[in-house]
Amino acid sequence: MTISSIQLERFTAFQKNRIDFSPGLNVFVGANGSGKTHLMKVVYAACDISKTQADFAEKLVRVFLPSGRAIGRLVKRQKKSTRCAVEVFRGDMKLRASFSNHATQPDSATVTGARDWMGSPVESVYIPVKEMLSNAPGFRSLYAQREVHFEEVYADILDRAYRPALRGQPDATRRRLMTHLQKTIDGKVLIKQEEFFLRNKQGNLEFSLLAEGIRKLALIWLLIQNGTLLEGSVLFWDEPETNLNPRLFGPLIDILLALQRSGVQVFLATHDYIILKEIDLRLQEGDKISFHSLFHAPETGDIACHTTTDYTGIHPNAIADAFSDIYDREMKRSLGGV
Amino acid sequence: MTVLVEGNLQITIPNGATARKFDDNASHGLSHCMKAVDFIVELNNRMLFIELKDPDHPAAAPANRQQFIDGFLGGQIDADLKVKYRDSFLYEWAYERISKPIYYLVLIAASTLGPAELLVRTDELKRQLPLTGPSTAPWPRPFVAGCSVMNLEEWNKQLPELPVSRVTA
């Protein structure tokens, strides 16, 4: 059962928004500050607690890390007293948290629907913008014991990555994806005493010696190998293009589309034209995709979202607009002012 | 005012400019060994070599349209555009008709091609023609002043005095 929609009311930058998701691939585009990461973090928090059975409000605090861990700071800023509401929908189930802007503790939030929600756990992974695997040794124990100022997505991704491989032979789909990735990263991933290595003909290369882009793809290999990304799981990936050479975007999108075809629900946020275009060019019949364009509505300044299933229907498209502007200026220069 | 027509596309040339169809087999006479751009337009201070491609032609078969787009995105079109320009330049040079800087304008009438794709092809065409000669010792007399690959919308935005339109919708 996939995440079907989200509704946010006066939460962080959102005034009132409802967004329906594709059960396959969901792509968020929009300028900085349009709420892409916030949306993904809320949905991830909801997915994560379905397994860990943690409190939803507590998880939101850990994932967003408001100053002083005061949950009320997640309410959209306005002068008067107000409350926000966060609702995530999965089939018939609804997980809801609401809290006031004066709230300092997560337990003052009202959470409903958690029992049913946790009765049907869903596996999830959130890959943050910053790569973490090379900093992994010791980080998890440090995070568990001390109040280190890191959003919990950074600790969570390491938990997923450290999972041992699934028993038995991987099925054909997983084998194919892993082989595909092995060719791209030129090796397999090995974990020794909390340290990650890429194993290939040259021996074992520690992750700190690898290009950051390769580490990201290696992480996907691990998550497929250890069975985290299986049918029914949900993958969130914030700006997969970061530190990745554009030549690797194609293979990366192939992997994401293949995961989507195997029943993984994927959410990604991107600023990159090539990522968008690769998705458009590599789509196959039957692929389920939604592009969600987030923007500040000109009339109100509030965040709005336009969802489309078609690349050409993405509007507004801040990425294409940037290209359009460059193109106009280049044509003007090339024509030497005809 | 002159109107140049190529298939389903037409360009209106302003008064005072001279324009001719260049790839006309009968008048060109060397089409067996030299390629040719579609039109040559002469303005006060420059010459325009114009090449039109019309994958969105109303009568184009979808398969041919897609084949063209694939060839465009894959860069196979670059060599054709390059040779057309160079051969046309040589042809005009041999006739001693080049007295002004030449700008090479390529119009691709394809609604599916956006700024990014057209920008990439423009940059590649600049590299392939090429524009300036070796970087260590640039040519004192380059044979092309500039080149642009545009779609209909961009053409009309950048060249309002040379509007292009469809003959039939």
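In chain A of this predicted model, strand β1, which covers residues 3-11, runs antiparallel to strand β2, residues 14-20, and six bridges join the two. One of the pairings can be followed at the level of single residues, since S5(A) has D20(A) as its bridge partner in β2(A). The two strands form a hairpin with two residues between them, and in the turn T12(A) takes a positive phi of about 40°.

The hairpin belongs to a chain in which ten helices and 14 strands are found. Two of the sheets built from these strands can be described in turn. An open sheet of six strands, with mixed pairing, has the order β7-β11-β12-β3-β13-β14 in chain A. Its edge strands are β7 (124-127) and β14 (303-308) of chain A, each of which pairs on one side only. From one strand to the next in this six-stranded sheet, the twist averages 15°. At the β14 end of the order, strand β13 of chain A, residues 289-296, pairs with β14(A) in the antiparallel sense over six bridges, and within this pair S293(A) has H306(A) as its bridge partner in β14(A). For a reader who follows such strands residue by residue, it helps to recall that in a regular strand the side chains alternate between the two faces of the sheet.

A second open sheet in chain A has three strands in the order β8-β9-β10, with antiparallel pairing. Because β8 (188-192) and β10 (203-206) of chain A each have a single partner strand, they stand at the edges, and one side of each is left without a neighbour in the sheet. The twist in this three-stranded sheet averages 40° from one strand to the next. Strand β9 of chain A, residues 195-200, is joined to β10(A) by four bridges, and the two run antiparallel; here L198(A) finds its bridge partner, L205(A), in β10(A).

Seen as a whole, chain A has a radius of gyration of 21 Å, which agrees with the value near 20 Å that a compact globule of 338 residues would have. Along its principal axes, the C-alpha trace of chain A spans about 65 × 65 × 35 Å. Of the 338 residues of chain A, 42% count as buried. The fold also brings together parts of the chain that are distant in sequence: among the contacts between residues at least 6 apart in sequence, 68% join residues at least 24 apart.

Chain B can be read in the same order, from its elements to its overall form. It contains five helices and eight strands, and along the sequence these follow the pattern β-β-β-α-β-β-α-α-β-α-β-α-β. The radius of gyration of chain B is 16 Å, close to the 15 Å that the globule rule gives for 169 residues, so chain B is as compact as a globular protein of that length. Taken along the principal axes, the C-alpha atoms of chain B fill a box of roughly 45 × 40 × 35 Å. Of its 169 residues, 34% count as buried, and residues 24 or more positions apart account for 65% of the contacts in chain B with a separation of 6 or more.

A single residue of chain B illustrates such a link across the sequence. S165(B) is found in strand β8 of chain B, residues 164-166, and although 154 residues separate S165(B) from I11(B) in sequence, the two are 6.6 Å apart in space, C-alpha to C-alpha. With 13 other C-beta atoms within 10 Å, S165(B) is partly exposed, because a residue counts as buried at 20 or more such neighbours and as exposed at 12 or fewer.

The two chains also touch each other, and the contact takes 13 residues from chain A and 15 residues from chain B. On the side of chain A that touches chain B, helix α10 of chain A, residues 318-334, gives the most, with nine residues. The residues on that side of chain A divide into eight nonpolar, three polar and two charged.

It remains to consider the scores that accompany the prediction. Chain B averages a pLDDT of 92, and 99% of its residues score at least 70. The model scores ipTM 0.79 and pTM 0.81. Where pLDDT is low, the predicted coordinates should not be read in detail.

Terms used
Residues numbered from 1 in each chain as written. Chains lettered and ligands numbered in written order. Predicted model: local features only at pLDDT ≥ 70, side-chain atom pairs only at ≥ 80, totals over all residues. Rg over C-alpha atoms; globule rule 2.2 N^0.38 Å. Contact = placed C-beta atoms within 7 Å. Pairing = 2+ DSSP bridges. pLDDT = per-residue confidence, 0-100. Axes fitted to C-alpha atoms, helices over the stretch in contact; angles between N-to-C directions. Nonpolar A, V, L, I, M, F, W, Y, C, P; charged D, E, K, R; others polar.
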